[in-house]
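Q: I am new to looking at protein structures, and I would like to learn how to read one. Could we go through some features together, step by step?

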Amino acid sequence: DDMTQRISRREMLRNTAMAGIGAWIAGSTSASYGSLPSEKLNIACIGIGGRGRANLNSLANQNIVALCDVDDSRAGNAYAKFPKAKKFYDFRKMFDSMSKDIDAVSVSTPDHAHFHPAVAALELGKHLYCEKPMAHSVEEVRIMTDLARKQKVATQLGVQRHTIGNVHRVVELIREKAIGEVRECHSWVGGSRGMPGMPKGNPPVPEHLKWDLWLGPARSRPYSPAYAPYNWRFWWDFGTGETGNWGCHILDIPYWALELKHPVRVEASGPEVDADRTPKSLKTRFQFPARGDNPPVSLHWYHSRSGPEVLKKHKLPHFGSGTLFIGSEGMLLCDFGKRKLYPEEKFKDFKAPDKFLADSPGFHKEWILACKGGEPATCNFDYSGPMTETVLLGNAAYRCGKSFDWKPEKIEAVGTPEARAYTHSTFRKGWEVSL
């Protein structure tokens, strides 16, 4: 087996040099940035197909100085569109050759390949925009969150729906106690994606794909279109399933509204666990302690084609994805585009509170302004890191087949050592990390 020993938290924080993925970081210093907000940032984009293309286009009003992708087909016409940007296949070579020319970095690779380029950027003092989920394990997320804070850089997780006006109004209703105290909340994503077909045969690696670089820190295996370019999402070695795919978007609403941080208990259930592939459905429950004036709350997360049973119980409509807040004085059912208070009769003359959450200037613009010395972006890692950890903890509890009490400060499932295999990371030889 070419996997290395597990990295321990203590080992990772012992020093500030990266080993394994390149001595090019050791001894680096934080970059200095132009202090004038009118100056353009020099941005390097890692991963420029799919979601990465959308991020690249949203950052195109800055100076795009480097483009890095392992797949020329997925990269498409990006190189032609940004002819002044230097082209790379390997982010390590990019940082090695031009780190002094980069102010900020976006990472839009598959989940398993977020951590290494993100940590490299953070170690070099670069501002970081990262796609969701932030990384592939709870441990990776925590390291990124702590390192970003230590390096005092501007961060943003790709929870783009955070800017939607309806989401703001939901947060205001909950914060203003429109339905009283909330001790129970249910969030879900619909559909039944997961458990993709097993690879067939041994097709050659396409000429446009650098397969070994695509694998990055993951275990070696032969190329198959069963993994790339998209279905990696539903293989545990590369993705985090529909929970990782949608959890950071949908749970953003209760996380923000209820001011959540780290859960203290995690429970999960679902179909029989497959060692390699993510499930077609899942139920998880997270218990959070009291927060200031807010009472303890149970947050339920479901990946379910038919939605949670609680909707039927209260005779509420079901739509593809959403959140139901259950309060002491009523209920609030919402998704990104709509919201409604129940029971309808009780709230028919309800007057919404005055708006107090400011409109966003634009999700990517928030980050650009933060990079230039402005306010932190709304989904900076101090907010979105704990949220991502929670999403990934649901997967960990499901995969290890046990509920557990969670000690966030130690990244430890109490009395459940088998959970560590799913909350911590292993990297193949050549990709070991020591921080």
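Q: How many aromatic pairs does a search of the whole structure find?

A: Let me first say that this is a predicted model. A pair of aromatic rings is described by the distance of the centres and the angle of the planes. Searching the whole structure gives 16 aromatic pairs. Take F115 and F427: their ring centres are 5.7 Å apart and their planes meet at 15 degrees, so this pair is stacked. F115 belongs to helix α6, while F427 is in the segment after α16 (420-423), so the pair ties together parts that are 312 residues apart in sequence.

Q: Are F115 and F427 buried or exposed?

A: Both F115 and F427 are buried. For another kind of geometry, look at W211 and Y223, an edge-to-face pair with 5.3 Å from centre to centre and 85 degrees between the planes. W211 sits in helix α9 (residues 211-215) and Y223 in the loop between α9 and α10, 12 residues apart. W211 and Y223 are both buried as well.

Q: Which residues do ring pairs link into a cluster?

A: The cluster is made of W211, W214, Y223, Y227, W235 and F238, linked by ring pairs. Y227 also has a charged neighbour: R221 lies over the face of its ring, 4.8 Å from the ring centre. You can find a similar arrangement elsewhere, where R161 lies over the face of F336 at 5.2 Å from the ring centre.

Q: How do I read helix α6, where F115 is found?

A: Start by asking how covered the helix is. Helix α6 runs over residues 115-123, and 9 of its 9 residues are buried. Among them are F115, H116, P117 and E123. Just after α6, G125 has a positive phi of about 75 degrees.

Q: Which residues touch the most other members of the largest nonpolar core?

A: The general idea is that in soluble globular proteins, nonpolar side chains tend to be buried together. Here the largest nonpolar core has 103 residues, and L67, M94, F95, M144 and F325 touch the most other members. Helix α15 (residues 381-400) gives the most to this core, with 8 residues. To see what such touching looks like, follow M144: leaving aside neighbours within four places in sequence, its contacts include F115, A118, V119 and L122, and also F381. Another core lies apart from the largest one; it has 13 residues, including V70, Y227, W235 and F238.

Q: What does T243 touch?

A: T243 is in helix α10 (residues 241-250). With a relative accessible area of 5%, T243 is under the 20% cut-off and therefore buried. Not counting residues up to four places away in sequence, T243 touches C248, L282, W301, V391 and N395. With W301 there is also a polar contact of 3.0 Å between the side chains.

Q: Why is C45 not bonded to C68?

A: A disulfide is a covalent bond between the sulfur atoms of two cysteines. The sulfur of C45 has its closest cysteine sulfur in C68, but that is 10 Å away, which is too far for a bond. Likewise, C68 is in no disulfide. The count of disulfides comes to 0. As for their surroundings, C45 is buried at 0% relative accessibility, and C68 is buried at 3%.

Terms used. Residues numbered from 1 in each chain as written. Predicted model: local features only at pLDDT ≥ 70, side-chain atom pairs only at ≥ 80, totals over all residues. Heavy atoms only, no water. Disulfide = S-S within 2.5 Å. Buried < 20%, exposed > 50% of the residue type's maximum accessible area, 1.4 Å probe, protein only. Core = buried A, V, L, I, M, F, W, Y, C linked by side-chain atoms within 4.5 Å. Helix = DSSP H or I, 4+ residues; strand = E, 2+ residues; numbered from the N terminus. Contact = heavy atoms within 4.5 Å. Polar contact = N/O pair within 3.5 Å; in protein donor to acceptor, adjacent residues only side chain to side chain. Phe/Tyr/Trp six-rings, centres within 6.5 Å; stacked < 30°, edge-to-face > 60°. Lys NZ or Arg CZ within 6 Å of the ring centre and 35° of its normal.
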